[in-house]
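Please open the model in your viewer and keep the sequence panel beside it. The tour below proposes one selection after another and says what is to be found at each stop.

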Amino acid sequence: MSGLVSALLRSQPRVTVYAPGDVIDCGDYRLRLKVNARARRISLRIDNKTGDAVVTAPKPRQLADAVDFARSRHDWILKTRRGQAQPQPFAPGLKLLIKGHEVTLEARDGVITPKAEQGEDGTWRLVSSGDAATYARRIERYLRQQAMKTFEAETAKYAALLGHSGVKVSLFDAKGRWGSCTPARKAIRYSWRVILAPKAVLSYLCAHEVAHLKHADHSPKFWTQVTALYGGDYKPARAWLKKQGHTLFAYQ
């Protein structure tokens with residue numbers, strides 16, 4: 001009998017066990033596995049920065065199904081990666097939207113720390129110097145600094161309405177997630193790239209994450225709180241992130 005059982009066990013297909021963070025080499029691309037408890041379904045996207053395919057499952061036990069789903073979309077992944085524009089470097093002549101203002105990047109010798117200048121005609125330019133890599137690095141550092149200042153101010157404003165103070169703000173740069181809140185630690189993280197979005201979008205994101213200090217879920221009470229903090233209809237700003245958010249990764 002034991003020999004029969006062993007034979008039966010050997011005949012069963014071996015089940016691959018996956019874990020969050022695993023990376024599968026699919027030849028033409030890499031497939032990264034993620035788990036997001038807030039996700040309602042398995043989703044697939046292309047990381048604009050790395051070109052990796054990223055598949056997300058709501059639970060770890062669904063990762064095998066997620067991998068099967070990604071493999072079934074092999075042609076879509078290849079087509080999307082081929083049509084994906086390469087990010088533009090921050091370089092002189094590039095026009096950016098910073099806190100709702102159109103700003104033109106400009107090079108000027110000797111300007112190590114980027115500075116914003118407004119011309120007599122009302123137009124804005126952001127001036128710095130350096131070779132291509134140094135210039136781009138300085139501009140990104142400036143944008144991150146502006147993002148931190150703006151997010152800190154907006155967060156403090158909304159948090160005060162809920163009776164909170166001392167909320168810790170930090171930045172990250174991840175595709176597919178614009179912010180996160182850890183109520184127990186009174187800590188909120190934001191994508192620095194939202195500094196390049198319309199001002200109303202940045203304000204909505206802050207109201208959204210601050211509302212999580214009171215409501216950890218996305219219940220009707222949570223959205224009512226977002227409306228109260230934002231001071232109006234947040235849906236257009238939320239829709240912008242969903243439909244236009246990918247454009248924020250067009251630069252590096």
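The stops run from the whole chain to its nonpolar cores and then to single residues.

**The whole chain**

Begin with the protein chain as a cartoon, bearing in mind that this is a predicted model. Colour by secondary structure, and you should be able to count seven helices and 11 strands. The radius of gyration of the protein chain is 23 Å, whereas the globule rule gives 18 Å for 252 residues, so the chain is more spread out than a compact globule. If you orient the view along the principal axes, the C-alpha atoms fill a box of roughly 90 × 45 × 30 Å.

Now switch on the surface of the protein chain, which exposes about 14,400 Å², with carbon and sulfur atoms supplying 51% of that area. Of the 252 residues in the chain, 40% are buried. Contacts between residues 24 or more positions apart make up 46% of those with a separation of 6 or more. Colouring by charge will pick out 42 positive and 22 negative side chains, and the centres of these two sets lie 7 Å apart.

**The largest nonpolar core**

Next, select Phe90, Leu96, Leu143, Phe151 and Val194 and show their side chains, since these are the members that touch the most other members of the largest nonpolar core, a set of 46 residues. To see where this core comes from, colour the elements that give two or more residues to it: the strands are S5 (95–98), S6 (101–107) and S11 (187–191), and the helices are H4 (132–161), H5 (199–211), H6 (220–230) and H7 (235–244). Helix H4 provides the largest share, with nine residues.

Which residues does Leu96 touch, once those up to four places away in sequence are not counted? Centre the view on Leu96 and you will find Phe90, His101, Glu102, Val103, Leu105, Leu143, Leu196 and Tyr251 around this side of the core. Before leaving the interior, select Leu31, Leu33, Ala53 and Ala70, which are among the 16 residues of a second, separate core.

**Two helix residues, H4 and H5**

Return to helix H4 and select Leu161. Is Leu161 buried or exposed? Its relative accessible area is 58%, and Leu161 is therefore classed as exposed. A distance drawn from Leu161 to Ala237, C-alpha to C-alpha, should read 21 Å, for a pair 76 residues apart in sequence.

Move on to Ala200, which lies in helix H5. With a relative accessible area of 39%, Ala200 is partly exposed. Leaving aside neighbours within four places in sequence, Ala200 is in contact with Tyr230 and Ala237. Trp240 is 40 residues away from Ala200 in sequence, and their C-alpha atoms are 9.7 Å apart in space.

**Two lysines with positive phi**

Most residues other than glycine have a negative phi. With that in mind, select Lys99 in the loop between S5 and S6, where phi is near 50°, a positive value in a residue that is not glycine. Lys99 is partly exposed, at a relative accessible area of 31%.

The companion stop is Lys186, in the loop between strand S10 (179–182) and S11. Lys186 is not a glycine either, and its phi is positive at about 50°. At 27% relative accessibility, Lys186 counts as partly exposed.

**A loop glycine and the segment after H7**

Select Gly130, in the loop between strand S8 (124–128) and H4. Gly130 counts as partly exposed, at 47% relative accessibility, because the exposed class begins over 50%. Beyond its neighbours within four places in sequence, Gly130 is in contact with Tyr135 and Arg138. For a long view across the model, draw a line from Gly130 to Ala239: the two are 109 residues apart in sequence, and their C-alpha atoms are 38 Å apart.

Finish at Thr247, in the segment after H7. Thr247 is partly exposed, with a relative accessibility of 30%. How far apart in space are Thr247 and Asn48, C-alpha to C-alpha? The distance is 9.9 Å, although 199 residues separate Thr247 from Asn48 in sequence.

Methods: Residues numbered from 1 in each chain as written. Predicted model: local features only at pLDDT ≥ 70, side-chain atom pairs only at ≥ 80, totals over all residues. Heavy atoms only, no water. Helix = DSSP H or I, 4+ residues; strand = E, 2+ residues; numbered from the N terminus. Rg over C-alpha atoms; globule rule 2.2 N^0.38 Å. Buried < 20%, exposed > 50% of the residue type's maximum accessible area, 1.4 Å probe, protein only. Contact = heavy atoms within 4.5 Å. Areas by Shrake-Rupley, 256 points an atom, 1.4 Å probe, with all protein chains shown as cover. Lys, Arg positive; Asp, Glu negative; His and termini not counted. Charge placed at Lys NZ, Arg CZ, Asp CG, Glu CD. Core = buried A, V, L, I, M, F, W, Y, C linked by side-chain atoms within 4.5 Å.
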